[in-house]
Amino acid sequence: MGRGKIEIKRIENSSNRNVTFTKRKSGILKKAKEISVLCDAKVSLVIFASNGNMVEYCSPSTTLIDILEMYHKRSGKKLWDAKHENLSNEIDRIKKENDSLQIELRHMKGEDITSLNHKELMLLEVALENGLSSIREKQMDCWRMAKKKDNFLEEENKCLNFTLHQQEMAMEAASREMEDDYEQRVRDYNISQIPFAFRVQPIQPNLQERMQW
């Protein structure tokens, strides 16, 4: 006895709905992979569940962006508004400008110049000479600034040495003054400690000598 036909309508029971989504999701992803491999088809599949979770699949040989671009060209429908389209054009312009700058940078380094003609090589030479002149000028500015700083430090060092010398002389003078004061105090003290000595001179001649006569 075969299975009964299931009526295609929203499943009201949330648990049954989640189980059915999981089973059908696996089945449709399997079919997308099979048709991509068997038929060499470019397949992109995006599924959003009721809870907002996303499931996606894209053939290994392509990307979702490429498929959307193909859809945009084949269907004629505008997938992006004017704002996004202008932004995309701006991105393309910046990419091209970046590629051009990368090529110019390689030329500045002397790489990949075999394809340049005589005029382009002359323009490249002028650009390099202008760049070299700017570098030399900047180098001279740096040298002048360094020289100016050295002179300033030298003058500051001289002033500092002069100040230290003055302080040393003042300290030496103060030290000598203290030593002289100390020596003077020592001399004054020694003099004050010496006792007075008296020597008596006789007024009359020696009486003993007179008696002998």
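No disulfides are counted in this predicted model, the total under the sulfur–sulfur distance rule being zero. Of the cysteines, Cys 39 counts as exposed because its relative accessibility is 54%, while Cys 142, with a relative accessible area of 44%, is partly exposed.

The protein chain contains five helices and two strands, and these elements follow one another along the sequence in the pattern α-β-β-α-α-α-α. Of the 213 residues in the protein chain, 7% are buried. The accessible surface amounts to about 20200 Å², and carbon and sulfur atoms contribute 57% of that area. Among the contacts in the protein chain with a separation of 6 or more, 18% are between residues that stand 24 or more positions apart.

Helix H1 spans residues 14-38 and thus comprises 25 residues; from its first C-alpha to its last it reaches 36 Å, close to the 36 Å expected at 1.5 Å a residue. The N-terminal end of H1 is capped by Asn 13, a side-chain oxygen of which lies 3.0 Å from the backbone nitrogen of Ser 15. Just after H1, the backbone at Asp 40 adopts a positive phi of about 55°. Within the helix, Leu 29, Ala 32 and Ser 36 are buried. An α-helix has 3.6 residues a turn, so residues three or four places apart point the same way. The cover over the buried residues of H1 includes strand E1 (44-48) and strand E2 (54-58).

These two strands run antiparallel and are joined by five bridges, and together they form a hairpin with five residues between them. In the turn of that hairpin, Gly 52 has a positive phi of about 95°. The side chains of E1 alternate along the strand, in that Leu 45 and Ile 47 point to one face and are buried, whereas Ser 44, Val 46 and Phe 48 point to the other face and are not buried. Ile 47, one of the buried residues of E1, has Val 55 of E2 as its bridge partner.

Ser 36 offers a closer view of the surroundings of helix H1, in which this residue is placed. Ser 36 counts as buried because its relative accessibility is 9%, below the 20% cut-off that the term requires. Once neighbours within four places in sequence are set aside, Ser 36 is in contact with Ala 41, Val 43, Tyr 57, Ser 59 and Pro 60. One of these residues, Tyr 57, falls within the range of strand E2 (54-58). With Ser 59 there is also a polar contact, made between the side chains of the two serines at 3.0 Å.

A further residue, Met 108, lies in helix H3, which covers residues 82-108. Met 108 counts as partly exposed because its relative accessibility is 31%, a value between the limits of 20% and 50% that separate buried from exposed residues. When residues up to four places away in sequence are not counted, Met 108 touches Leu 124, Ala 127 and Leu 128. For one of these, Ala 127, the separation from Met 108 is 19 residues in sequence and 8.6 Å in space, taken from C-alpha to C-alpha.

Methods:
Residues are numbered from 1 along each chain as its sequence is written. This is a predicted model: local features need pLDDT of at least 70, side-chain atom pairs count only at pLDDT 80 or more; totals for chains, interfaces and linings use all residues. Side-chain values use heavy atoms; hydrogens and water are left out. Helices (H or I, at least four residues) and strands (E, at least two) are DSSP runs, numbered from the N terminus. The expected span of a helix is 1.5 Å times one less than its number of residues. Buried means under 20% relative accessible area, exposed over 50%, partly exposed in between (1.4 Å probe, protein chains only). Contact means heavy atoms within 4.5 Å. A polar contact is a pair of N or O atoms within 3.5 Å; within protein, one must be able to donate a hydrogen and the other to accept it, and residues adjacent in sequence count only if both atoms are side-chain atoms. Two strands pair if DSSP finds at least two bridges between them. Accessible areas come from the Shrake-Rupley method with a 1.4 Å probe; for residues, only the protein chains shown count as cover. A disulfide is a pair of cysteine sulfur atoms within 2.5 Å.
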